[in-house]
Amino acid sequence: MKGSTNVVITGVGGQGNVLAARLLAAVALAEGLEVTVGDVYGLTQRGGSVASHVRWTEGHPLPPLVPQGALDILVAFEPLEALRIQSQFGRPETAALVNESPVMPIGVQAGRFPYPDAAALWSLLDRMTGSCRRVAGSETARALGNVQALNTVMLGALCGSGLVGFEAGAFEETIRSELPARFVDLNLEAFKRGLALGGAGGKAAE
Amino acid sequence: MTPNPLKRVLMLGNEAIARGALEGGISYATGYPGNPSSEILETLFKWSDAHDVAVEWSVNEIVALEAAAAFAFSGRRAVVTMKQNGLNVAADFLTTVSLDELPGGLLVVVCDDPGPLTSSNEQDSRHFARIAQIPLLEPSTPQEAKDMAVYGLEISQRFGLPCMLRAVSRLSHGRGPVSLGPVASKGPQPRFDRDRPKVGLPFLVTRNHARLLRLREEIRAEFEASPWNGYTGPEGVSTLVVASGLSATYGLEAIQTLDLGDRVGLLKLGTTWPLPRERILERVGRADTVCFLEEVDPFVEEGVKVVCAENGDRAGRIRFLGKNDGFVAGPDGPGVGEMNTDTALSALGRLFDPAPVQGEPLPEDLLARARDLLVPRELSFCQGCPHRASFYALKTALELDGRDGFLVGDIGCYGMAAGTTGFQQIKALHCMGSGMGNACGFSRLKEFGFDQPVVAVAGDSTFFHAGLPALANAVHHNADAVFVILDNAVTAMTGFQVNPATPAAVSHGKRELRIENAARGLGAEAVVLDPVADVNAAVEAVLQAVETGGVHVLVFRHGCATFFQKRADRSARPRVWVDAETCLGDQCGCNRFCSRILSCPAILFDPETGVARIDEQVCTGCGLCVQVCPREAILLERSEDGNP
């Protein structure tokens with residue numbers, strides 16, 4: 001829809017997409033925008049695909065889900081899930097930020113089917129998006145000593161990419177106000193490292 | 001929290017409903033967990049002490065509603081929450097309590113699950129508001145959800161009958177900005193007026209029913225002027241969209257996306273029973289095409305058609321487009337699945353020729369390539385989940401028995417045993433406790449030559465919710481029935497809520513009830529086993545139960561791995577590893593039993609080494625794989641503190 005921004009943050013249950021979406025939405029709200037979040041999960045404790053739709057506009061409140069073919073920005077914590085969401089909601093101009101580390105589905109682990117070939121997967125993501133930036137998100141979170149920091153690393157990458165047009169300070173303020181005190185420093189550091197991974201001024205969505 | 005009306009906070013739809021109930025002055029909140037409704041009570045639990053609200057997870061929905069009604073009988077306000085399946089359980093009481101005159105307020109919140117994301121049906125609960133003849137509110141945003149909860153409690157008390165608030169998954173689990181209001185006072189000391197009994201005796205019913213229908217018309221008159229109903233669009237257009245609840249936001253987005261703002265108007269309805277007749281005629285009477293957006297059934301569509309048929313001179317000739325004629329349809333057909341912007345776009349787009357232009361879609365060849373690459377992320381029992389051991393034991397016992405036995409079950413994590421993760425063992429699954437009731441009939445079927453063994457499975461919370469009547473029925477009728485109660489101590493599927501089987505240490509002092517004691521009290525044989533600790537003993541017990549007559553209750557007791565591991569000391573976990581020398585990999589003949597058959601998230605087959613490997617970061621140390629590896633290649637070492 002004209003004048004609205006549609007973001008999907010996707011991953012696998014437990015990776016923290018819901019919190020990332022909540023923080024992004026809080027930043028948009030603080031900017032005075034009419035923001036809506038739709039968390040899409042079935043039985044997330046059990047290894048399923050999850051996605052949070054974050055949408056904002058200056059007009060009427062938007063419904064919680066991004067319509068098909070209307071995705072502006074895709075933030076994926078897992079490459080296979082990036083492809084899943086882009087196939088469903090994407091358009092040729094979608095800008096994607098994708099964490100490089102795959103999470104194996106249980107069926108792959110059990111040997112019932114293979115995980116897609118990495119080269120084929122990335123090449124398809126490149127062709128299906130306006131821009132697709134590979135982010136060493138898990139690696140960065142691991143280096144910080146906490147894989148759970150992946151979500152704020154990716155949020156930093158989103159901010160650093162310039163795709164959403166919100167200042168880093170607004171995210172940092174939100175991290176301080178929304179997270180329990182004992183997690184603030186870790187997440188601020190994760191966000192800061194993520195900023196650098198986003199590639200400032202990365203190719204924006206049309 | 002001190003409300004500041006200028007500050008808006010982001011809230012989940014369900015949190016907003018909870019906040020509305022609090023602002024509406026409730027003294028009591030009850031419910032039974034079930035997606036997508038569970039977060040309402042979870043939120044109220046957090047506020048219960050600060051705001052002096054009694055909150056409880058009741059054993060089932062009808063008890064929750066009956067308990068909440070006692071507050072409304074006594075001049076206080078209460079809210080009861082449930083998912084759509086739960087309303088069926090509560091319906092017996094709902095359709096009689098609506099005949100009472102309530103001095104307090106009673107808000108019945110039902111969260112429907114269209115398309116279902118986590119349910120065994122996609123029932124449209126709005127029909128129950130009509131059956132019970134109670135006011136029905138359908139919010140379109142979290143802000144409205146909060147405000148309608150306040151209003152629903154207020155009209156409930158003012159008119160003296162229950163009010164129903166109906167949410168859908170996307171609203172319950174959607175987040176949006178909400179302005180908070182003040183919390184109302186709870187009212188005077190509660191007191192039941194013995195001169196005004198709440199009695200549904202037959203000779204009183206017609207009188208009370210007539211009163212209820214008079215109230216319906218008074219409420220309709222109030223809804224005519226309600227701010228929850230409103231028109232958006234230019235005057236003098238011939239095409240009108242009528243949309244209720246969240247579907248109004250889908251309609252508005254579709255109109256704006258297609259740039260139809262000057263050609264189409266939208267009548268949003270937030271009060272959908274009784275329908276605001278005049279408000280509808282005022283808008284519908286000016287249109288020649290009316291298109292309906294709602295989920296799931298054509299509830300408003302048919303209501304508006306009745307209004308128009310009864311007022312033909314004012315409504316005029318109208319082309320109705322909705323579910324009954326098939327014009328408004330998602331990918332699975334009209335009246336099936338969720339409403340969304342895409343379905344609204346498709347319907348409105350077809351109304352205009354040439355169709356309004358949208359952006360270029362992704363090329364079909366790339367989408368086809370993506371379909372080739374996309375592998376599913378199937379649901380699985382968690383690592384260490386006791387259900388994996390239980391269903392492995394059940395499968396093994398029924399195979400050893402060799403008479404084409406099968407399981408019947410119901411709703412819970414263990415319902416996933418109808419799929420790969422539970423070895424596709426459950427062959428009938430419907431509603432809470434349904435397998436146990438089915439088992440009573442399968443027992444009688446033996447009188448007609450039926451000779452397959454049947455085992456009914458149910459969870460601990462389900463046993464108390466709906467299993468007790470079926471068990472009493474089985475014992476009373478001298479059935480041959482085997483009930484396996486999968487007692488993992490919490491209501492895991494819906495977010496680990498406490499239930500009567502939960503240890504007092506976890507439920508903060510609520511009294512723990514033992515399933516085996518209840519079963520023995522009803523005259524059934526009951527034994528307790530831990531299939532995780534000794535899977536072979538569980539196999540033996542099932543085999544013996546299916547081969548002997550009578551009613552057997554086997555309680556498989558082992559705490560939910562995900563819930564209890566979070567609370568346990570990680571260092572106390574047993575260490576499990578594969579002895580790479582002993583594991584023969586694909587040379588073994590076991591067909592990768594541990595990684596492929598057990599399919600535990602902690603077990604990998606390592607293609608580089610050609611043997612199995614345990615992911616120690618993930619493994620809970622339950623030891624099931626240790627017991628079943630035919631080569632005894634998986635080893636376990638307990639920490640000094642023992643198994644958590």
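Buried means under 20% relative accessible area, exposed means over 50%, and partly exposed is in between, using a 1.4 Å probe and protein chains only. Keep that scale in mind at the first stop, B:Val199, which is partly exposed with a relative accessible area of 30%.

This is a predicted model, in which local features need pLDDT of at least 70 and side-chain atom pairs count only at pLDDT 80 or more, while totals for chains, interfaces and linings use all residues. Residues are numbered from 1 along each chain as its sequence is written, chains are lettered from A and ligands numbered from 1 in the order in which they are written, and side-chain values use heavy atoms, with hydrogens and water left out.

**Stop 1: B:Val199**

Select B:Val199 and you will be in the loop between β8 (174–179) and α8 of chain B. Helices (H or I, at least four residues) and strands (E, at least two) are DSSP runs, numbered from the N terminus. Now show what B:Val199 touches: leaving aside neighbours within four places in sequence, B:Val199 is in contact (heavy atoms within 4.5 Å) with B:Asp100, B:Leu204 and B:Asn208. Add B:Thr96 as well; B:Val199 and B:Thr96 are 103 residues apart in sequence and 9.2 Å apart in space, C-alpha to C-alpha.

**Stop 2: α8 against α10**

Follow the chain into helix α8 (residues 202–224) of chain B, then add helix α10 (residues 277–284) of chain B; the two pack at an angle of about 45°, with their axes 7 Å apart. That angle makes α8(B) oblique to α10(B). Axes here are lines fitted to C-alpha atoms, for helices over the stretch in contact, and angles run from 0 to 180 degrees between N-to-C directions. Angles under 35 degrees count as roughly parallel, over 145 as roughly antiparallel, 65 to 115 as roughly perpendicular and the rest as oblique.

Which residues in α8(B) meet α10(B)? Show B:Glu217, B:Arg220, B:Phe223 and B:Glu224 as sticks, with B:Arg277, B:Glu278 and B:Arg279 on the α10(B) side. By class, this contact has one nonpolar, no polar and six charged residues. For these classes, Ala, Val, Leu, Ile, Met, Phe, Trp, Tyr, Cys and Pro count as nonpolar, Asp, Glu, Lys and Arg as charged, and the others, Gly among them, as polar.

**Stop 3: domains and cores**

Zoom out and colour chain B by domain: domain 1 (8–188 + 202–224), domain 2 (230–351), domain 3 (386–565) and domain 4 (570–637). These bounds come from an automatic or database domain assignment. The C-alpha centres of domain 1 and domain 2 of chain B lie 26 Å apart, and 29 residues of domain 1 are in contact with 26 residues of domain 2.

Next, select B:Leu44, B:Leu106 and B:Val108, the residues with the most contacts inside the largest nonpolar core, which has 111 residues. Domains 1 and 2 of chain B both give residues to this core, so it lies between them. A nonpolar core is a set of buried Ala, Val, Leu, Ile, Met, Phe, Trp, Tyr and Cys residues joined through side-chain atoms within 4.5 Å. A second, separate core of 88 residues includes B:Phe450, B:Leu486, B:Val542 and B:Val553.

Centre on B:Val108: not counting residues up to four places away in sequence, B:Val108 touches nine-residue company you can click through, including B:Leu65, B:Met82, B:Pro162 and B:Leu165.

**Stop 4: helix α9**

Select residues 247–257 of chain B. Nine of the 11 residues of helix α9 are buried, so this helix is largely enclosed by the rest of the structure. Among the buried ones are B:Tyr250, B:Leu252 and B:Glu253. Just after α9(B), B:Asp259 takes a positive phi of about 60°.

**Stop 5: backbone oddities**

Most residues other than glycine have a negative phi, and most peptide bonds are trans. Where is B:Pro36 found? Look in the loop between β2 (26–31) and α2 (39–51) of chain B; the peptide bond from B:Asn35 to B:Pro36 is cis, with omega near 5°. A cis peptide bond also joins B:Glu295 and B:Val296, with omega about 10°.

Finish with B:Asp404 and B:Ser599. B:Asp404 has a positive phi of about 60° although it is not a glycine, and B:Asp404 is exposed at 61% relative accessible area. B:Ser599 has a positive phi of about 50°, but B:Ser599 counts as buried at 6% relative accessibility.
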